[in-house]
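Good morning, and thank you for making time for this presentation. Please look at the sequence and the structure as they come up on the screen.

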Amino acid sequence: MRRLVYLVAVTLDGFIAGPDGGDPSGSEFLPVTPDLVEHLVGSWPETLPGPARDAMGVTDPGTHFDTVVEGRGSYELGLAAGLLDAYPHLRHLVVSRSLAGRTDLPVEVVDGDPVARVRELKAEDGDKDIWLVGGGTLAHALLPEVDRLVLKVNPSVIGDGVRLFAGPFSPARFASVDQVDLPGGVRVVTLDRVR
């Protein structure tokens, strides 16, 4: 069965964006350093947005994901940059009630239960996983379905912002299965759910 993998950059204190919810990529607390880009190109090329892939000449389809799921807030960051589909090389789903009924978007809008839709995706044939890109509210809603975490842990503390899992108390256990320490200070930590 396909897995749901939450791959995201995070601060030491568990935030994926600042209090304004804006795009954290390249921010002072979640910088995109050359060594991180090199790691992503070599290990997770499908997680690079289409324009970045084009600019770097990345054509590798990747081996991990064929589908990406994100919340409306994360999707809006791409829209603000003029991208109707930041990941045209992947099947792209956006969970949003406010976008329901939009037929002009090159993404699948999920306006119903995201857990049910992810369970359908996981049951499909295929050997590639589903990438949960964010945000924190959707990640919390999908926590029962998250099979793996791949956290790009940045050596920064911000004190407030969008939490990795934004929602009420809901314990889940994960065990570390891999860690890559990059020269710029980011630790890429992979954890699998303990069932």
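How many salt bridges does the structure hold? The count is 12. I should state at once that this is a predicted model, and every value I quote is computed from it.

Let me begin with three individual pairs and one network among these salt bridges. R2 pairs with D66, and their closest N and O atoms are 2.9 Å apart. R2 belongs to the segment before strand 1, residues 4-10, while D66 sits in strand 3, residues 65-71, so this pair ties together parts that are 64 residues apart in sequence. The two partners also fall into separate classes of accessibility. R2 has a relative accessible area of 3% and is buried, whereas D66, at 29%, is partly exposed.

The second pair is local. R72 and E76 form a salt bridge with an N to O distance of 3.7 Å. Both residues lie in helix 3, residues 72-80, where they are four residues apart, or about one turn of the helix. R72 is partly exposed at 36% relative accessibility, and E76 is partly exposed as well, at 31%.

The third pair joins R117 to E108, with 2.8 Å from N to O. R117 counts as buried, at 16% relative accessibility; the cut-off for that class is under 20%. E108, at 28%, is partly exposed. Please keep R117 in mind, as I shall return to this residue shortly.

Beyond these pairs there is a network of salt bridges that links R119, K122, E145, D147 and R195.

I turn now to helix 4. Which of its residues are buried? Within residues 114-123, they are P114, V115, R117, V118, L121 and K122. Viewed down the axis of helix 4, these buried residues fall within an arc of 160°, so they line one face of the helix. K122 therefore appears in two parts of this account: it is among the buried residues of helix 4, and it is a member of the salt-bridge network. At the N-terminal end, helix 4 is capped by D113, whose side-chain oxygen lies 3.0 Å from the backbone nitrogen of V115.

Helix 4 also leads us to the interior space of the model. The count comes to one cavity of 30 Å³ or more. The space in the largest cavity is about 30 Å³. Its lining consists of V69, L93, V95, V110, P114, R117, V118 and L121. Two elements give two or more residues to that lining, namely strand 4, residues 91-95, and helix 4. Which of the elements gives the most? Helix 4 does, with four residues.

What is the chemical character of this lining? Seven of the residues are nonpolar, none is polar and one is charged. Arginine counts as charged, so the charged residue in the lining is R117, the partner of E108 in the salt bridge I described.

V69, another lining residue, lies in strand 3, the strand that also holds D66. V69 is buried, with a relative accessible area of 3%. Its C-alpha atom is 19 Å from that of F15, and the two residues are 54 apart in sequence.

Next, a brief word on the loop between strand 4 and strand 5, the latter being residues 108-110. S96 is found in this loop. Is S96 buried or exposed? S96 is buried, at 5% relative accessible area. Its side chain takes part in a polar contact of 3.1 Å with the side chain of S98. The S96 side chain also reaches the backbone nitrogen of L99, at 3.0 Å.

Two further places deserve attention as you inspect the model. The first is a matter of backbone geometry. Most peptide bonds are trans. The peptide bond from G134 to G135, however, is cis, with omega near 0°. G135 lies in the loop between strand 6, residues 129-134, and helix 5, residues 136-141.

The second place is E38, in helix 1, residues 34-43. E38 counts as exposed, at 62% relative accessibility. How far is E38 from L182 in space? Their C-alpha atoms are separated by 9.9 Å, while the two residues are 144 apart along the chain.

To close, I would direct you back to R117, which is buried, forms a salt bridge with E108 and helps to line the largest cavity. Thank you for your attention.

Technical notes:
Residues are numbered from 1 along each chain as its sequence is written. This is a predicted model: local features need pLDDT of at least 70, side-chain atom pairs count only at pLDDT 80 or more; totals for chains, interfaces and linings use all residues. Side-chain values use heavy atoms; hydrogens and water are left out. Buried means under 20% relative accessible area, exposed over 50%, partly exposed in between (1.4 Å probe, protein chains only). The arc is that of the directions from the helix axis to the C-beta atoms. A polar contact is a pair of N or O atoms within 3.5 Å; within protein, one must be able to donate a hydrogen and the other to accept it, and residues adjacent in sequence count only if both atoms are side-chain atoms. On a 1 Å grid over the protein atoms alone, a cavity is a set of points where a 1.4 Å probe fits but cannot get out, and a pocket is an open set with protein on both sides within 12 Å along at least five of seven lines; lining residues have an atom within 4 Å of a point. Grid points are joined across faces, edges and corners, and a volume is the space filled by probe spheres set on the points. A salt bridge is a side-chain nitrogen of Lys or Arg within 4 Å of a carboxyl oxygen of Asp or Glu.
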